[in-house]
Amino acid sequence: MTSYLLDVDTGIDDALAITYLAALPDTEFVAVTASPGNVDADQVARTTLALLELCGRPGVEVAVGARVPLSIPLVTTPETHGPQGIGYAVLPEPDGAVSDRDAVDLWIEHARARPGELTALITAPLTNFALALRRAPDLPDLLARVVIMGGSFYHQGNTTPTAEWNTHVDPHAAKEVFAAYRGKPLDRLPVICSLDTTERMELHPRHVQELAAAAGAAVPELVLPDQPEGQASTSSNALIRHLSDALRFYFEFHRRYDQGYLAHVHDFFAAGVAAGTLEHATRLATVDVETESPLLIGTTVADYRALWNAPPNAWIVSANNPEQAFTELVAAVGRLATRLG
Ligand code: BDR
Ligand code: CA
């Protein structure tokens, strides 16, 4: 059993990450918290709760923490993920309610209650995690494992020429998190899934088709570049229909930016790293984040050769296997969709 504290900014690829973890038989969602990023934090929480219920995981506590980044105004990205964060998908209203507890309190309480047991996965700007580390500097010693989607090292940015979205939304939080891990034991350092490897996770229309087929669809689930933008899925399987509508939006977004009719599913990869199901290799580094320069704000820098003479603070994912990842995704989510009907 893997027991997770999740912090998300759902987000189409966050939604895929949550769905994938929900599909694994040995996942416990201890708490899922919302950071502002792709959309505002309250929207993130509502969507995430609805998604967990859709995935057959009712009753998970979903809470909001910070509503803005630590030091700069919030910028959201409805053009990337749609107004609700899940593209063209419109989820049913959740039966449950978003918790009125504070996300940061929840993280600290759960980590202290179950030392060494919880896996933290953050697929959002690091605002809530930085606040948790400020209040509980012992958090790195309490968490079994930390996996973060963020940053871009020897790879172009997706928000500025050098900066990745999550670190660009809250660079000060990212800087604080990496500073908090300096000098910590190597087996406690966070694993960083940066654009260097997450942009290799190219989900194509054929994967949507394979997913629907794995769920037993009678007709092929076709999401094609020459169809009208926004064409709604008619799948009778609710999970497949919502994923298909979400991914169509993400395909159209990537095409608009000349990347092809495909989607980079960054957060799904980070979820698989946290679950230990996706093949990857890591490399030890000292990471820091630029917060001052208008040209480079949000840019992450990795020192692999101890040139800064500073202790390592991260394991950066240096290699991964997209083919194995998508085979695993289709099998796991296909099973879940079949079970939910
Ligand atoms: C990251 O930014 C967000 O838009 C995605 O959900 C992902 O977490 C990729 O840069
Ligand atoms: Ca995200």
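In strand β2, the residue bridged to tyrosine 4 is phenylalanine 29. That pair belongs to the ladder between strand β1, residues 2-8, and β2, which run parallel and are joined by 7 bridges. Strands here are DSSP runs of E with at least two residues, helices are runs of H or I with at least four, and both are numbered from the N terminus. Two strands count as paired if DSSP finds at least two bridges between them.

Before going on, the basis. This is a predicted model, where local features need pLDDT of at least 70, side-chain atom pairs count only at pLDDT 80 or more, and totals for chains, interfaces and linings use all residues. Residues are numbered from 1 along each chain as its sequence is written, chains are lettered from A and ligands numbered from 1 in the order in which they are written, and side-chain values use heavy atoms, with hydrogens and water left out.

Back to β2. Strand β2 covers residues 27-34, and 7 of its 8 residues are buried, so the rest of the structure largely encloses it. Buried means under 20% relative accessible area, exposed means over 50%, and partly exposed is in between, with a 1.4 Å probe and protein chains only. On to its pairing with β3: strand β3, residues 62-64, runs parallel to β2, with 3 bridges between them. One of the pairs there is alanine 34 with valine 64 in β3.

The connections come next. β1, helix α1 (residues 12-23) and β2 form a right-handed β-α-β unit. A right-handed β-α-β unit is also made by β2, helix α2 (residues 41-54) and β3. Right-handed means that, with the strands pointing away from the viewer, the path from the first strand over the helix to the second runs clockwise.

Now the whole sheet. What is the strand order of the open sheet? The order is β3-β2-β1-β4-β5-β6-β11-β9-β10, which is 9 strands with mixed pairing. β3 and β10 (300-303) are at the edges with a single partner strand each, so one side of each has no neighbour in the sheet. From one strand to the next, the twist averages 30°. Axes are lines fitted to C-alpha atoms, for helices over the stretch in contact, and angles run from 0 to 180 degrees between N-to-C directions. Helix α4, residues 103-113, lies across β1, β2, β3 and β4, at about 150° to β2.

Moving along the sheet, β4 and β5 run parallel and share 4 bridges, with isoleucine 122 opposite isoleucine 148 in β5. Strand β5, residues 145-149, has 4 of its 5 residues buried. β5 then pairs with strand β6, residues 191-193, in the parallel sense over 3 bridges, and valine 147 stands opposite valine 191 in β6. By contrast, strand β9 (residues 280-289) and strand β11 (residues 314-320) run antiparallel, joined by 6 bridges. Alanine 281 has alanine 319 in β11 as its bridge partner.

Three residues in some detail. Threonine 119 sits in strand β4, residues 118-122, and counts as buried because its relative accessibility is 6%. Its contacts, leaving out residues up to four places away in sequence, are Thr2, Ser3, Tyr4, Leu5, Arg145 and Ala274; contact means heavy atoms within 4.5 Å.

Valine 273 is in helix α12 and, at 0% relative accessibility, is buried. With the same sequence exclusion, valine 273 touches Arg145, Val147, Val191, Cys193, Leu278 and His280. Helix α12 itself, residues 266-275, is mostly covered, with 10 of its 10 residues buried. Just after α12, glycine 276 has a positive phi of about 80°.

Is histidine 280 buried or partly exposed? At 32% relative accessibility, histidine 280 counts as partly exposed. Histidine 280 is in strand β9 and its contacts include Phe269, Val273 and Val317. Its C-alpha atom is separated by 9.7 Å from that of proline 322, 42 residues apart along the chain.

Last, a helix pair. The axes of α10 (residues 205-214) and α11 (residues 238-256) come within 11 Å and cross at roughly 180°. The two are therefore roughly antiparallel, where under 35 degrees is roughly parallel, over 145 roughly antiparallel, 65 to 115 roughly perpendicular and the rest oblique. The contact residues divide into 8 nonpolar, 1 polar and no charged. Nonpolar covers Ala, Val, Leu, Ile, Met, Phe, Trp, Tyr, Cys and Pro, charged covers Asp, Glu, Lys and Arg, and the others, Gly among them, are polar.
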